[in-house]
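Welcome, and please open the model in your viewer. We will go from stop to stop, with something to select at each one.

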Amino acid sequence: MRNKGIAIVLALATVLVVSGIGTLIFTRTIREIRHGAQDQGIVQTLMLARGAANLGGSLLATRGRERLERIVQQTASSTDRWAYGGNTGTEAPDPVLAAQGLANVADRFQSDLDGFLCGKNFAPDGLPAEVRVRVYVTASACGEPLPPKTRLPPGRFVEGAPRTGTGSGVSQTYALPFVMVAEASIGQYRRNIVLQGEYRFTVGRSSFARYALFTNVHTLRDGTDVWFTDRTLFDGPVHTNGHFRFYRRPWFGGEVTSAGCTNPGTASCQGQTRPGAYFYGQGFVLAGNMQPNASQPSYTNVYGTHAPEFTAGVDWNASFIPLPQNSQDQEAAARAGGLYYQNDIQTLRLSRKCVNDTTGQEVPCALPLPVGVTKYQYIEVTYCQNPQCSQTASETYRYGENGILYQYQTNPRPSWQQVLRNGNPVRFNGVIFTGGKVQNLLGPDRANPNDPATASPALAEFAQITVAASGDIKIGNDLKYESPPCSGVPTRRPDGTVAPPTCDNLAVRNVLGVYSQGGNVWISRNAPRNLYVHATLMSSRGVVEVEDYDSISEKGNVYLLGGIIEYYYGAFGTFDPATGRNKTGYGRAFTYDRRFLQGLAPPFFPTTGQDRVTSVSVFSYGQREQVY
């Protein structure tokens, strides 16, 4: 019995010990579960808050930049030496005046930022979370004051050169201090990130390359009206110094601006300014009388509904933008570090080639390039040696990634020799200029005349070139980039919406500008079917037009990747309104090069008299995080 009693006592003790251990283990497990859930909540809210901060930074670099550019156009001085900071003769603007001007920018910009961010939950779909972002460039954002222990210093000048009045495109960089608050919450868990930094933006004279379409007078050269129709699909900025005409539902993916001048001249508006536009069957309508409003005008009559789609806004009171009065900048650049010709160029061919460094033979440009193979940009020129062109000469140049220019010489033996000026090697600045005209601007010929895909690139991936002439320039075949920034064209879907092109390669460098100061830019009547032109094309006094557009046979489309700037609207072809098909010449399949909105332009391409934001950058000086 005694042994049995001891056994019972030991059993009970064991049960108590095991029970205690189990209780401890259970309690600890519950605590770990709770602690794990807490850790998970903290980590999730932290990641959401950081994502919100990244969203805020992305907004400043994209949509914020677009808004800032409009504000700069309205607030920056176009006549003083400094966009913000007065007309001081020093190497820096007056800091007080600069701060005052930038405070005006900040006030306007804050309103736009609030419109983007306030009251919006940026949490991923399906996640029971609250994610908010506020960006302060003034003392209040979304109706809330700055967080404790934070302050905003005044805006300031960072760097840049004063304007000299010579028309050169100098740049000036300014900074708006900002505070960003990113908040995330999931249930009882909250994370708060406060980030401080500067939003820097560079102001410079805008390049004409920024336009998908620019006209001084929005008619054909003979005065025939030009109507934007259902077939019109422009995915970049469009401007005229005159008036637009709309039929049905043309689509615009970039901002649309009109100066409303009744008689645009070469340097200024020589007539009245009447903000408004023409609507088919409705006549001219002043902007202030547009129905239902000036931002989304729509008129229905026996000819249908005429309601242009302005997806990025419209301004009927834009400034008159004069086209360049001369090509002195391009001529000077060509003489200094480019290629200059006094008389007509008969043929100018651009091509990308890969060469075996040992044998000197051209080889395929397969990637990755084999060891001992170098990629070059070639420039082949046949030009007139006198005004009558009774004698001609030919030259061939090339340069590689480093830009050092070489010319092919036959004496005393065939070889490539560095081009020297003032005893120094020339680093090619990209400008090819003639005081006459370019009779035939070419890229490589197609291997199959009917297949544009068989034309090799005209521009190597590193090449940046502007072809400028006092007279006409005629394009004779495909001019393609080795690395295009975009693919496809804007396309109208069956439901009437528009699918934009794909522009996901915007870091590429190759770019081409074609600029005629006193003549026209022609697409040759002998150019191949379905022509591909990667360039921005500009005529200061004429048109960008297809030669004999109304008499040559139907030739498919011109696939333009870039933009067109012209005095009058140039015709490309004619079409049958009953079928919508081309009858003669080319149709238009235009894709805007969105790099031009980021400040890229062909070298020494003409600039406007307006300031634009050519680049933005977000600098963070530090952040602090809080857990609630």
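Start with the empty space inside this predicted model. How many cavities of 30 Å³ or more does a search of the whole structure find? The search turns up one, and the space in this largest cavity comes to about 40 Å³.

To see its walls, select Ala212, Phe234, Asp235, Leu560, Gly562, Gly563, Phe590, Thr591 and Tyr592, the residues that line the largest cavity. Now colour strand 38 (554–568) and strand 40 (582–592): these are the elements that give two or more residues to the lining. If you colour by residue type instead, the lining divides into five nonpolar residues, three polar ones and one charged one.

Next, move to another part of the chain and select strand 13, residues 276–279, together with strand 10, residues 245–246. Do these two strands pair in the parallel or the antiparallel sense? Their pairing is parallel, over two bridges. Zoom in on Phe246, and you will find Phe279 of strand 13 standing opposite.

Keep strand 13 selected and add strand 14, residues 283–286. Here the pairing is antiparallel and runs over four bridges. Show Tyr278 and Phe284 as sticks: Phe284, in strand 14, is the residue opposite Tyr278.

For the last stop, follow the chain from strand 13 into strand 14. The two form a hairpin, with three residues between them. Click on Gly281 in the turn, where phi is positive, at about 80 degrees.

Methods: Residues are numbered from 1 along each chain as its sequence is written. This is a predicted model: local features need pLDDT of at least 70, side-chain atom pairs count only at pLDDT 80 or more; totals for chains, interfaces and linings use all residues. Side-chain values use heavy atoms; hydrogens and water are left out. Two strands pair if DSSP finds at least two bridges between them. On a 1 Å grid over the protein atoms alone, a cavity is a set of points where a 1.4 Å probe fits but cannot get out, and a pocket is an open set with protein on both sides within 12 Å along at least five of seven lines; lining residues have an atom within 4 Å of a point. Grid points are joined across faces, edges and corners, and a volume is the space filled by probe spheres set on the points. Ala, Val, Leu, Ile, Met, Phe, Trp, Tyr, Cys and Pro count as nonpolar, Asp, Glu, Lys and Arg as charged, and the others, Gly among them, as polar.
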